[in-house]
Amino acid sequence: MVLGRSLEVPVSDLSLLKDIWEVRVKKHRQRQKKEQDRLEQSALPNILLIVLLYISPCCCLLVDVVVVVPVVVVYVVVYLSEAEHLEQEDPEQSRLVFQLDGDQWTDFPRELQWRTYLREWHVSGTRISRLPAFLSLFTQLTVLEIPKNTITELPPEIGKLAALRELNVSFNRLSKVPPELGDCENLKRLELTGNHNLSDLPFELSGLKQLVHLDVAENRFVSIPICALRMSGLQLLDLSDNLLTDLPQDMDRLEQLVTLFLQKNDVSYLPHCLAEITTLKMIVVNGDALTCCPTRLCRNPDIKYTQHIKEEEEEEEEVKDSREKEFIEAYVSSLKDRGENMCIIIYIKLNL
């Protein structure tokens, strides 16, 4: 350096540099937070954990796990991406359904626990006796159809299926229903036909305010469940083939009831409160047991007498009853369309 020569040093505002740096740090932290939120909402970590737990007991060496895991992970990621693509491209194809039938099945396949994105289960005609422990993971499930199996109980975890709209557990071996089912507030259709040992429903089911269809036929109910009288949106109530002898005097709490099935019980009279239900279109009762019917119920509509003959073979009778029920439901729908008055169908049982 030459003495006496001045050195020019550029001068800048340090506060400006500080502001630029703070902005960059802030953006970096925002990106980190978004990535963390995305990972927390993604189901992939849970799937990977399940895969590791499933694979590790089967592997003796660590190198085996390292080789197998990437293959499974790639499959899961591709499958989920394909499902998301279907939802965006065609909503009709996005109905992701699981189907299982045949008496060779005694349990649900283990691979099912990785498909928590499924919307519907349809399982029938198997020897499965219980629902899987991972049922609560299927939070997007809307339809659970599991009739004609050997299921003995519903797990309390069923209450975690917040999106569930239809539940069919007909012709199984239930003796009770868990109160947690009352937490499925979006449930609209509940079918519990033909469990034979079922005689009551928990009061907690009163919370099912959106339920429009309740079928508890072919069980051992001696009275209408209290919870059913508090399902204000109920439109169809099937109590046929039970042990009922009378009806409560507050039946008119069901202000939207359209169809009431009571055949194959020992109900001897119909309470006057039924006449207060303005939406009621059809009542089906036993003609041989009925001794009293309010005038207001049978004044306007035509009373149809249908001979109900007991078949020699039980299977033939079940088929006949099923067809009759389908016919009656179709008939109710036609009444709605035509705006007809209420119709009372009386079944007369003939022992030949």
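A salt bridge, as the term is used here, is a side-chain nitrogen of Lys or Arg within 4 Å of a carboxyl oxygen of Asp or Glu. The model on screen is predicted, so local features need pLDDT of at least 70 and side-chain atom pairs count only at pLDDT 80 or more, while totals for chains, interfaces and linings use all residues. Residues are numbered from 1 along each chain as its sequence is written, and side-chain values use heavy atoms, with hydrogens and water left out.

**The whole chain**

Begin with everything displayed as a cartoon, where you will find five helices and eleven strands; these are DSSP runs numbered from the N terminus, helices being H or I runs of at least four residues and strands E runs of at least two. Of the 352 residues in the protein, 40% are buried, where buried means under 20% relative accessible area, exposed means over 50% and partly exposed lies in between, with a 1.4 Å probe and protein chains only. If you switch to a surface, the protein exposes about 21400 Å², of which carbon and sulfur atoms supply 52%, the areas coming from the Shrake-Rupley method with a 1.4 Å probe.

**The salt bridge**

Next select Arg189 and Glu191, which form a salt bridge with their closest N and O atoms 2.7 Å apart; a search of the whole structure finds one such bridge. Side chains of opposite charge can pair when their charged atoms come close. Glu191 is buried at a relative accessible area of 13%, whereas Arg189, at 29%, is partly exposed.

**Strand E1 and its partner**

Now move to strand E1 (97-101) and strand E2 (120-124), which pair in the parallel sense over five bridges, pairing being assigned if DSSP finds at least two bridges between two strands. Side chains alternate along E1, with Phe98 and Leu100 buried on one face, and Val97, Gln99 and Asp101 pointing to the other face and not buried. Val97 stands opposite Glu120 in E2 and is partly exposed at 33% relative accessibility. Leaving aside neighbours within four places in sequence, Val97 is in contact (heavy atoms within 4.5 Å) with Leu118, Glu120 and His122. Draw a distance from the C-alpha atom of Val97 to that of Trp121, and you should read 6.0 Å between residues that are 24 apart along the chain.

**The nonpolar core**

Stay on Trp121 and show its side chain: which residues touch the most other members of the largest nonpolar core? They are Trp121 and Leu167, in a core of 63 residues, a nonpolar core being a set of buried Ala, Val, Leu, Ile, Met, Phe, Trp, Tyr and Cys residues joined through side-chain atoms within 4.5 Å. Strands E1, E2 and E9 (282-286) are the elements that give two or more residues to this core. Beyond its neighbours within four places in sequence, Trp121 has contacts that include Phe98, Phe108, Leu112, Pro132 and Phe134.

**Two loops**

Finally, select the loop between strand E8 (259-261) and E9, where Lys264 lies with a positive phi of about 65 degrees although it is not a glycine. Asn265 lies in this loop as well and counts as buried at 3% relative accessibility. The side chain of Asn265 reaches the backbone oxygen of Leu239 at 2.9 Å, and a polar atom of that side chain lies 3.3 Å from the backbone nitrogen of Leu243. In the loop between strand E6 (213-215) and strand E7 (236-238) you will find Glu218, whose phi, near 60 degrees, is a positive value in a residue other than glycine.

Note on methods. Polar contact = N/O pair within 3.5 Å; in protein donor to acceptor, adjacent residues only side chain to side chain.
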